[in-house]
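This report describes one structure in terms of its fold, its surface, its main pocket and its aromatic contacts.

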Amino acid sequence: MGVEKVGWLLELVNKFIASTTGIGTYLFIAGLAILFIIGFALSIAFLIKVIKEIPNMTVSQFLKTLIVLGIVFVIVGAFI
């Protein structure tokens, strides 16, 4: 199921890239790469902040963090 959704997304991007010509294609690919790198870097930075804060958390804060993390995993899993 996840592979089908990724395949559909790649087909959509491929159709969009095929409709562009010349330098527009390279600019589109460069823009996607920049957005991916920024998103990846921000997620890693956020993850490092959360890991550093775990020893300083109270029990209720830790449980809230686990609940939020669980909800995020469920949402991401639903789209994959």
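The text below covers the overall shape, then the pocket, then the aromatic rings.

The model is predicted. The protein chain has three helices and zero strands, and its elements follow the order α-α-α from the N terminus. A compact globule of 80 residues would have a radius of gyration near 12 Å, whereas the protein chain has 18 Å. Whole-chain values are listed here.

| Property of the protein chain | Value |
|---|---|
| Radius of gyration | 18 Å |
| C-alpha box along the principal axes | roughly 55 × 30 × 10 Å |
| Share of buried residues | 2% of the 80 residues |
| Exposed area | about 7000 Å² |
| Part of the exposed area from carbon and sulfur atoms | 80% |

The largest pocket holds about 380 Å³ of space. Its lining consists of 15 residues, and F46, L47, V50, L69 and F73 lie nearest the centre. Two helices, α2 (23-53) and α3 (59-79), each contribute at least two residues to this lining. By type, the lining residues of the largest pocket comprise 13 nonpolar, two polar and no charged.

One aromatic pair is found in a search of the whole structure. The ring centres of F36 and F40 are 6.3 Å apart and the planes stand at 15°, so the pair is stacked; the cut-off for stacked is under 30 degrees. Both F36 and F40 belong to helix α2, where they are four residues apart, about one turn of the helix. F36 has 60% relative accessibility and therefore counts as exposed, the limit being over 50%.

How values were computed:
Residues are numbered from 1 along each chain as its sequence is written. This is a predicted model: local features need pLDDT of at least 70, side-chain atom pairs count only at pLDDT 80 or more; totals for chains, interfaces and linings use all residues. Side-chain values use heavy atoms; hydrogens and water are left out. On a 1 Å grid over the protein atoms alone, a cavity is a set of points where a 1.4 Å probe fits but cannot get out, and a pocket is an open set with protein on both sides within 12 Å along at least five of seven lines; lining residues have an atom within 4 Å of a point. Grid points are joined across faces, edges and corners, and a volume is the space filled by probe spheres set on the points. Ala, Val, Leu, Ile, Met, Phe, Trp, Tyr, Cys and Pro count as nonpolar, Asp, Glu, Lys and Arg as charged, and the others, Gly among them, as polar. Rings of Phe, Tyr and Trp (its six-membered ring) pair if their centres lie within 6.5 Å; planes under 30 degrees apart count as stacked, over 60 as edge-to-face and the rest as tilted. Buried means under 20% relative accessible area, exposed over 50%, partly exposed in between (1.4 Å probe, protein chains only). The radius of gyration is taken over C-alpha atoms; the globule rule is 2.2 Å times the number of residues to the power 0.38. Accessible areas come from the Shrake-Rupley method with a 1.4 Å probe; for residues, only the protein chains shown count as cover.
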